[in-house]
Amino acid sequence: MMGLTRQDFERRDAEDPLRLFRDQFHLPEGVVYLDGNSLGALPKRAQERLSRVVGEEWGEDLIRSWVLHDWIGLPERVGDKIGRLVGAGQGQVVVGDSTSVDLFKLLAAALSLRADRTVILTEQGNFPTDVYMAQGLIELLGGRHELRSVSTHELSAAIDDDTAVVMLTHVNYRTGALLDLDALTEAAHAHGALALWDLSHSVGAVPVDLDQAGADLAVGCGYKYLNGGPGAPAFVYVARHHQSAIRPALSGWMGHESPFAFEEVYRPAGGIRGLLVGTPSVLSLIALEEAVDLHLEAPMTLIRAKSKLLTQGFVDLVHQECSQSGLRLAGPEEADLRGSQVSLRHPGGYAIVQALSRQGVIGDFRTPDILRFGFAPLYLRHVDVWDAVRTLRDIMATGSWDRPEFRQRASVT
Ligand SMILES: Cc1ncc(COP(=O)(O)O)c(C=O)c1O
């Protein structure tokens with residue numbers, strides 16, 4: 001049987017219904033960017049709007065802009081837009097703070113909503129910040145609660161009547177494996193527990209329908225597939241039926257019912273706005289809004305279809321071109337079971353990622369041996385997949401990755 005050729009990938013590009021989106025991004029010449037799951041590319045319109053907002057709104061209108069240009073409405077407005085990408089009806093998503101801080105808010109809310117229960121259940125290998133935030137909260141609350149971590153296949157069975165909240169990341173940051181959000185939410189509810197989803201590696205790349213799944217709580221990053229820019233604020237989702245029962249743990253003035261009344265006593269705003277804490281990061285929210293608006297122009301079914309074709313193309317090509325390289329697939333073989341990411345394993349993973357980057361193929365490394373490649377369907381071409389794997393093949397075949405300069409660890413990997 002004939003193997004895959006570059007022409008096959010060119011044909012996929014010609015047939016790609018999303019191909020025109022690439023031109024909406026600033027992408028450096030000669031780079032194949034497979035790290036949009038860490039930091040999304042720059043949408044040209046975000047750059048343009050930012051420079052307008054800085055010059056005109058900040059520069060000229062100054063503090064009047066909070067009202068004049070509705071800066072104050074950004075967290076809710078952008079929240080509702082992100083809500084459309086994750087199946088959340090209006091008034092359930094708000095944007096602000098980091099994913100870590102938002103996790104803290106939601107874990108605290110979950111433990112107070114299920115005050116008679118003591119367990120936060122999670123998956124072994126969940127992203128460290130999710131685990132750390134739970135550990136810190138448990139300590140703060142006096143150690144009465146327990147964080148229980150189990151393997152993926154034990155999750156459903158581990159939910160019991162002590163479980164207050166099941167805290168899971170939809171797409172695993174290391175392997176790209178996708179959890180069944182609907183089934184696990186249902187399993188949590190069957191025992192009266194809440195379901196808290198971290199959608200950092202899903203939003204903008206994998207279809208999610210929080211309302212339909214009956215999810216209780218969710219968070220997600222703004223700077224990965226959403227392309228909101230470095231350190232973009234995160235989003236938080238609280239299902240409407242929980243909102244009035246939550247007393248925010250971080251009782252900042254922006255979540256007060258009436259911030260500019262400057263009252264002596266905290267009174268939480270009703271609804272999702274109560275999850276806000278301090279002054280919104282206007283410039284970051286502006287960039288994120290433009291990026292999300294662009295995303296909303298692409299149907300999620302097309303995004304997912306392209307994502308699967310990209311990741312499967314990469315997997316198939318690695319099998320075809322790199323079978324002698326010692327690289328092994330770290331995540332699922334089947335496209336339906338993964339997010340928009342493919343991970344490979346190799347003891348020399350760090351150096352290989354550095355060597356690839358030197359050749360213009362940018363992925364990233366996760367300890368101890370994971371080479372991680374993200375596939376952002378809005379700006380990647382199918383030929384990028386071909387070119388990336390051919391570069392990988394050459395690096396592995398020549399052993400050119402195996403040099404001291406590529407082993408020098410940087411502070412960010
Ligand atoms: C699953 C997951 N949650 C959270 C984060 C990061 O949270 P923060 O934006 O607070 O740094 C990441 C970052 O990669 C992540 O992969």
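# Domains, pockets and cavities

Author: Taken over C-alpha atoms, the centres of domain 1 and domain 2 are 30 Å apart. This is a predicted model, so a caveat first: local features need pLDDT of at least 70, side-chain atom pairs count only at pLDDT 80 or more, and totals for chains, interfaces and linings use all residues. Residues are numbered from 1 along each chain as its sequence is written, and side-chain values use heavy atoms, with hydrogens and water left out.

Reader: How many residues does the contact take from each of the two domains?

Author: The protein is divided into domain 1 (6-30 + 299-407) and domain 2 (48-295), with bounds from an automatic or database domain assignment. With contact meaning heavy atoms within 4.5 Å, the tally is 27 residues from domain 1 and 18 from domain 2.

Reader: And how many helices and strands does the protein have?

Author: Both are DSSP runs numbered from the N terminus: helices are H or I with at least four residues, strands are E with at least two. On that basis the protein has 15 helices and 15 strands.

Reader: What is its radius of gyration, set against the globule rule?

Author: The radius is taken over C-alpha atoms, and the rule is 2.2 Å times the number of residues to the power 0.38. For 413 residues the rule gives 22 Å, and the protein comes close to that, so it is as compact as a globular protein of that length. Its radius of gyration is 22 Å.

Reader: What share of the residues is buried?

Author: Here buried means under 20% relative accessible area, exposed over 50%, and partly exposed in between, with a 1.4 Å probe and protein chains only. Of the 413 residues in the protein, the buried share is 55%.

Reader: On to the empty spaces. Which residues lie nearest the centre of the largest pocket?

Author: On a 1 Å grid over the protein atoms alone, a pocket is an open set of points with protein on both sides within 12 Å along at least five of seven lines, while a cavity is a set where a 1.4 Å probe fits but cannot get out; lining residues have an atom within 4 Å of a point. The largest pocket has a volume of about 310 Å³, which is the space filled by probe spheres set on points joined across faces, edges and corners. Domain 1 and domain 2 each give at least three residues to its lining, and helix H5 (99-113), helix H6 (128-140) and strand E14 (364-366) each supply at least two. Of the 20 lining residues, those nearest the centre are Phe-127, His-201, Cys-221, Tyr-223 and Lys-224.

Reader: How do the residues of that pocket's lining divide into nonpolar, polar and charged?

Author: Ala, Val, Leu, Ile, Met, Phe, Trp, Tyr, Cys and Pro count as nonpolar, Asp, Glu, Lys and Arg as charged, and the others, Gly among them, as polar. The lining of the largest pocket comes out as 5 nonpolar, 9 polar and 6 charged.

Reader: Where does the largest cavity lie?

Author: It holds about 40 Å³ of space, and its lining has 6 nonpolar, 3 polar and no charged residues. Gly-204, Tyr-225 and Pro-377 are among the lining residues. Both domains give residues to that lining, so the cavity lies between domain 1 and domain 2.

Reader: Which residues line the second largest cavity?

Author: This one has a volume of about 30 Å³, and its lining has 6 nonpolar, no polar and 2 charged residues. The lining is made up of Arg-22, Leu-27, Val-31, Val-32, Tyr-33, Tyr-379, Leu-380 and Asp-384.

Reader: What do the buried residues of H13 pack against?

Author: In helix H13 (residues 349-358), 7 of the 10 residues are buried, so the helix is largely enclosed by the rest of the structure. Tyr-350 and Leu-356 are among those buried. They pack against strand E13 (361-362), E14, strand E15 (370-374), helix H14 (382-398) and helix H15 (404-407).

Reader: Any odd backbone spots? Which residues does a cis peptide bond join?

Author: Look in the loop between E14 and E15, the place of Pro-368. With omega at about 5°, the cis bond joins Thr-367 and Pro-368.

Reader: Is Phe-262 buried or exposed?

Author: Phe-262 is found in the loop between helix H10 (240-243) and helix H11 (282-296). Its phi is positive, near 50°, though it is a residue other than glycine. At 58% relative accessibility, Phe-262 counts as exposed.
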